[in-house]
Amino acid sequence: MSQSVQSAANSPTARETEPWWKTAVVYQVYIRSFADGNGDGIGDLTGLRSKLPYLAELGIDAVWINPWYPSPMADAGYDVADFRNIEPSYGTLEQGEAFIIEAHELGIRVILDIVPNHTSSDHRWFQAALRDEPGARDRYIFRPGRGPGGDQPPNDWQSAFGGPAWSRLDTGEWYLHLFAPAQPDLNWEHPGVRAEFEDILRFWFDKGVDGFRIDVAHGLTKDPALPDAGERLPGSQHTDPHPAWDQDAVHEVYRGWRAVANEYADRVFVAEAWVANNDRLARYLRPDELHTAFQFDFLRAPWRGESIRAVIDDALSQAGAVGAPATWVLSNHDVPRTVTRYSRSQPDHLVETDWERSRWAGEQPDLALGRRRARAAALLQAALPGTAYIYQGEELGLEEVEELPGEVRQDPTWFQSGFTDVGRDGCRVPIPWSNDEAPYGFSPPDAEKDTWLPQPGHWAPHTVQAQHGDPGSFLTLYRQVLALRRQLWTTDEPVEWLETPHDVLAFARGGVQCWVNTGATDTELPAGMRRVLASGPGVTGGVLPADTAVWLTEPEHDR
Ligand code: GLC
Ligand code: CA
């Protein structure tokens, strides 16, 4: 196999001359749930460092680590109390620095998560605001209420987690929080806020961090008049966008950040921006702004060849128009796991990310089907030009843990929705590493505490240990996919669509073809091609079964 791909590897060594982030595969580490070194049931830096060899063997280029800063954990660390330190239950700043060095030694870059839209209510700035120290409230968004006695919120904005986006202090003033009440929104009109974040970027860049994932990058600046939103929904296709989101003024912030990144070599930003469409997304990717932005339509696309193709075309043309690579993502810590998403009836159009949780409750998942599709999707994602993000546990084929009892749930969505939206805990369950029962090697054998979210009793076949070396396992497939991706493609070879039945997706890229059958019946593969990798059994005699993908090479590629 390795011989057959030599010719691709021999072509101009673009991989060496282009910036690393244009083709990188980035693995998302949800540190709370990755590996627990000290037995308190919570993932930490000791655990993460012990798994670096695993990550190196998987074949990734970088890790993105969810917020590791000191936090009261009102929103699993997205409520940051101090942006220049490390959460004590995860470890120390020294351990964080050691981790960056060790990762680099293994050829793995490190991307941190920066949370600029809000701080924790425990942050010294908000504490000063609560004490009403001079000027302290100006860093946040404080307003008097409406109505008699000012007991109505200043406008009608809703928190992303449910309920009003405003909370009232004893003194009578209201403050804005687009997420939990413990996450007050910063005032990005304030020059001190801007200066502080540029300084935080430098603090971590100086420690060798290779980039930042920007949390709710489409937030930050608001329409200064704070008008009612009325019918306008965040991210909706309105000509008149929601006044809290995707405001033009935010781009000036990112021009400043790009200038900071440019003071260093090879650094990257990736935006989490849930905006109305790829046209809006591309505005964040202009050459003097952010390098990359998650392509969420990819994970919102139903398992249908035509829908997925439309998403790919749109993403490639919009990112391409501003010279940015597309950034493919199938899953993350905010959305139901891929296996479960593909395990139920598929809608006709792009969906809201919380749709499965509410709409599908009650519909039994067919997890075997979901796993077949998720394996096929792994081949598809890796065959596309640009960068790819893999959320921890996807390489093990883990499903969403839907059976978590209410009393163990921790996502603020669960509480703020009045217990109607189960929230995101189901994709955050600690990783099973080994052994036949919980905690499956997540915590050391003598652990004092249970894992912070309980793991299912049936995960023994899904541990890393159980899958290691098994030729049919998810993990083996991911390792093959990532190794071959490096060999088969050098940089941004374009996607050329092939004629197919409408449920089938097929394209050629640099002498390789990727075929994905999203339909219910077999489809025919072209003759005379050599099979490089298939996502499942039955790819024989020119036939590609339903819910299966394959990579084929053209004969001249075989020399
Ligand atoms: C982003 C994060 C999510 C968090 C929210 C508020 O969407 O991915 O986990 O709850 O921002 O910071
Ligand atoms: Ca721990």
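This briefing covers the surroundings of ligand 1 and one antiparallel sheet. The model is predicted. Ligand 1 sits among 14 residues, and the protein covers 96% of the accessible area that the ligand has on its own. The sheet has 5 strands and is open.

**Ligand 1: shell**

- Of the 14 residues around ligand 1, the nearest are Asp75, Arg213, Asp215, Glu272 and Asp334.
- The shell divides into 7 charged, 4 nonpolar and 3 polar residues.

**Ligand 1: polar contacts and cover**

- A polar side-chain atom of Asp334 lies 2.5 Å from an oxygen atom of ligand 1.
- For Asp75, the distance from a side-chain N or O atom to a ligand oxygen is 2.6 Å.
- For Asp215, the corresponding distance is 2.7 Å.
- On its own, ligand 1 has 310 Å² of accessible area, and the protein covers 96% of that.

**Sheet: order and edges**

- The strands run in the order S12-S13-S14-S18-S16, with antiparallel pairing.
- S12 (496–497) and S16 (530–534) stand at the edges.
- Each edge strand has a single partner, so one side of each is left without a neighbour in the sheet.
- In general, strands of a sheet pair through backbone hydrogen bonds.

**Sheet: the S13–S14 pair and helix H17**

- S13 (residues 504–509) pairs with S14 (residues 512–517) over 6 bridges, in the antiparallel sense.
- Ala508 has Gln513 of S14 as its bridge partner.
- Helix H17 (residues 474–488) packs on the sheet.
- H17 touches S14, S16 and S18 (548–553).
- The direction of H17 makes about 135° with that of S16.

Conventions:
Residues numbered from 1 in each chain as written. Chains lettered and ligands numbered in written order. Predicted model: local features only at pLDDT ≥ 70, side-chain atom pairs only at ≥ 80, totals over all residues. Heavy atoms only, no water. Near = heavy atom within 4 Å. Polar contact = N/O pair within 3.5 Å; in protein donor to acceptor, adjacent residues only side chain to side chain. Areas by Shrake-Rupley, 256 points an atom, 1.4 Å probe, with all protein chains shown as cover. Nonpolar A, V, L, I, M, F, W, Y, C, P; charged D, E, K, R; others polar. Pairing = 2+ DSSP bridges. Helix = DSSP H or I, 4+ residues; strand = E, 2+ residues; numbered from the N terminus. Contact = heavy atoms within 4.5 Å. Axes fitted to C-alpha atoms, helices over the stretch in contact; angles between N-to-C directions.
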